[in-house]
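Biologist: Mind if I quiz you on the terms you use for this one? I'd like to see where each label comes from.

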Amino acid sequence: MFRYYLGLGLHSLRRNPVLTALMIVLIGAGVASSMITFAALRALTADPLPQKSAQLFGPQIDNWGPANRGTNDEPPQELSYTDAVALLNSHKALRQTAIYETVLSLVPADARRAPFTVKGYAATRDMFAMFEVPFTNGGSWSAEDDAKGGSSVVISWKLSEKLFGGTRSLGRRVSLGGHDYRVVGVMADWNPQPRFYAEGSIHSVTDVGNPPDFFVPFETAINFQLIDSWGENCTNDYKGAGWNDLLHSQCDWISFWVQLPTAADAQRYKAFLDGYAAEQQRIGRFPWAPNNRLRSLMQWLDYLHVVTEETRVAFLLAIGLQLVCLVNTVGLLLAKFMRRRGEIGVRRALGASRGAIHAQFLIEAGMVGAAGGLLGLALTAFGVFGMGSFFEARVARLVHIDMSLLGLTLLTSIVATLIAAVYPTWRAAQVQPAWQLKSN
Amino acid sequence: MQIRPILAALKQHRGATALIVLQIALTLGIVCNALFIIQQRLEHMARPTGIDEANLAVVHNQWIGNFTKAQLNAMVLSDLAVLRQLPGVVDAYADYTYPAVGPWAQLSSVRYTRDQPKKTTYAEPYYADEHTLSTLGLKLIAGRNFRSDDISATSDSDNATPPVIIITQDLAERLYHDQSAVGRAIYIGDTPSTIIGVIKHLQVPAIGTHSFAYCSILLPLRSGNFNNSGSYYLMRAKPNQLDDVVHAAPAALLSLNRMRVFDGEAAAQPYSVLRAIGYASDRGMAFLLSMICGVLLAATVGGIVGLSSFWVSQRQKQIGIRRAIGATRGDILRYFQTENLLIVSFGIVLGMLLAFALNLTLMKFYELPRLPMYYLPIGALLLWILGQLAVLGPALRAAAVPPVVATRSV
């Protein structure tokens, strides 16, 4: 019976190609608009480290005081060098890292090759285990490198390929920003998105699709005076100049992450933070009461508004557009079904039940939905591909098409069309055979 | 005309009528505003820069290492000498940004006197030298060009304003109306700058500038490391040799001095590429809004076709009776056309209010000007025509209903 109804539906759809095409276009355009914006929303709400995110926390310490707080009483988003070092040395968490982004020029050893810039991070060795960085070769630098500022570097496999071709890069020298480093590890593909771990990087466009090129020890970066590529946030009265002043200032520029496996650990760490701030208050460094935060990774992303308001609004508008399309599809289906009252009358008179009529017309609607879904797939692909031109560039680079999105597009399209067909089908099934069978 | 019976019939279908009226209103409101925004974006994209865009290439150069202002100046000068000697290069100069879609701009307040409390106008400068006019293809309409001894090296910590400047005609007219600007001094910093020349057209570097888009100033300055991020070399190629220049320039610079990095994937880029990137969001917005308009209009047409087809099939019997008692096919056709005209007109009245309200909202949240009145009749006409076209098919089918239908008893 199903195949018979498919045949009937196909026949009927061919009979009014204009009506059919109009329905398919409406359904396809409607579903594509909501799918494109859904893909953007999905990309932005993604968990960058699903297996670990619940254990990762970003501590914030208020070293600026009430006078420099915004309207919401939030402490600064980054730490000063003083506080970052204090937290590192306390070792109160299972693992901890201070981290900041830096851009350096790389001069290849081969004098015939042009120098280029690379982007990476200064961090401590705990970072690799905390963020589950995979290695193809070697591993993280030693604890001694962390303590004494050794010139070790971990590079991405892409950079390794670029510099050394296919040859083994472990132990080789790389000249970065005028200093020589020794390669101790080569990372496999690793680029969690959004790039949560360093302030500034989170909202960066170019990071998507471009994994970090290198990691160097935090202590080394401080010794070599590598500047944070996103700059420092200082209070308005900061008058210092130069590296030494910066290290002793209340300027905030270092991101900090700790791994706290249990809720109890997190509570203890928060208490430790408050204790630390209270101690600073006591010695007169902060003349105000502690105002700290300890946000988990997902809370942190939420707090930074990684999902922009524009994306949410765009999604809602797209849903609205799909609704408009759907309401009009109801009208078109109604017109299409009611035009076939004669046919319905004959089928009913020959013994078809109302249920059979329902099945027939719902199958026909399902076919329209599937066709609309196929068009929607094409439009969604086209939209995601060309997204950079009308969406925020960073969002566009995050968004990608996968099987689940394709499946969801088809499913949404068919289900939406079936819902739209409920009323027209009901009307069709109400047709009285007697009325239609009068002589013509 | 038969308006009263139409209204009476519509009263029987209040829900459906209200829905379609509402949709037409929504469509008109959104389409008017979208068309207006599209038109604004297209206008923005079409603004002439005033330069020879087709033959211009740009290199972003950053030095590796720390150098003094004088060292940087010498390095930039020898770079420029190499670039000018490349076959296919007409001329070249170094700037901190590039025209119209530049990465940097410095907002300057232009004043007649040092102590003038409020600016006369805003302007944005370029760093130029004696080669700038021929590199960009700018036309000097009064005064003289810079000489090489006018040009001084500058750095991020310098904030002295140069004693001589060249300005655009647009800025000259704002400052001195129809009088000559050459020889007069204006203030853009703490010291006066004498206008030595006036050029015809040159758009300011910042893309989003509207009210002073052609108020450019050429400062005789050269910086090798503006804002700690290098500087831009602009080169004008001979006709049809732009690609050669784009390929040759980075290699020539590297062989002169390797300790530098170029920006991004391509070391040198044709200006047209930079311009396309700069205007990508305008183009994207225009495209997206056209798509939304298209979908909304298609949805409205679909709604009208569906609803009127449905009504035609519902009213077969009444149509038959009317035909049997003397109505012509034309009468039936006109009945449905008039009905559609009425519905669309209701929608348009409501839609105009909506368009106006939407425009006010957009004006409040975005810097959108007031919607010009002529968009409303244009939008209305569009919907009337679309409505009539959409109803034509169902109406013709209605007109084809034979009078004999009336005789089928129920």
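Modeller: Sure, contacts come up first: two residues are in contact if their C-beta atoms, placed from the backbone, lie within 7 Å. This is a predicted model, where local features need pLDDT of at least 70, side-chain atom pairs count only at pLDDT 80 or more, and totals for chains, interfaces and linings use all residues. Residues are numbered from 1 along each chain as its sequence is written, while chains are lettered from A and ligands numbered from 1 in the order in which they are written.

Biologist: What makes up the contact between chain A and chain B?

Modeller: By that cut-off, chain B puts in 29 residues and chain A 27 residues. On the side of chain B that touches chain A, H8(B) gives the most, with 19 residues. Helices here are DSSP runs (H or I, at least four residues), and strands are E runs of at least two, numbered from the N terminus.

Biologist: Why is chain A called more spread out than a compact globule?

Modeller: The globule rule is 2.2 Å times the number of residues to the power 0.38, and the radius of gyration is taken over C-alpha atoms. For 440 residues the rule gives 22 Å, but chain A has 31 Å, well over that, so chain A counts as more spread out. Its C-alpha atoms fill a box of roughly 100 × 60 × 35 Å along the principal axes.

Biologist: How do you know which parts of chain A are domains?

Modeller: The bounds come from an automatic or database domain assignment. That gives domain 1 (2–45 + 308–436) and domain 2 (53–303) in chain A, with C-alpha centres 49 Å apart.
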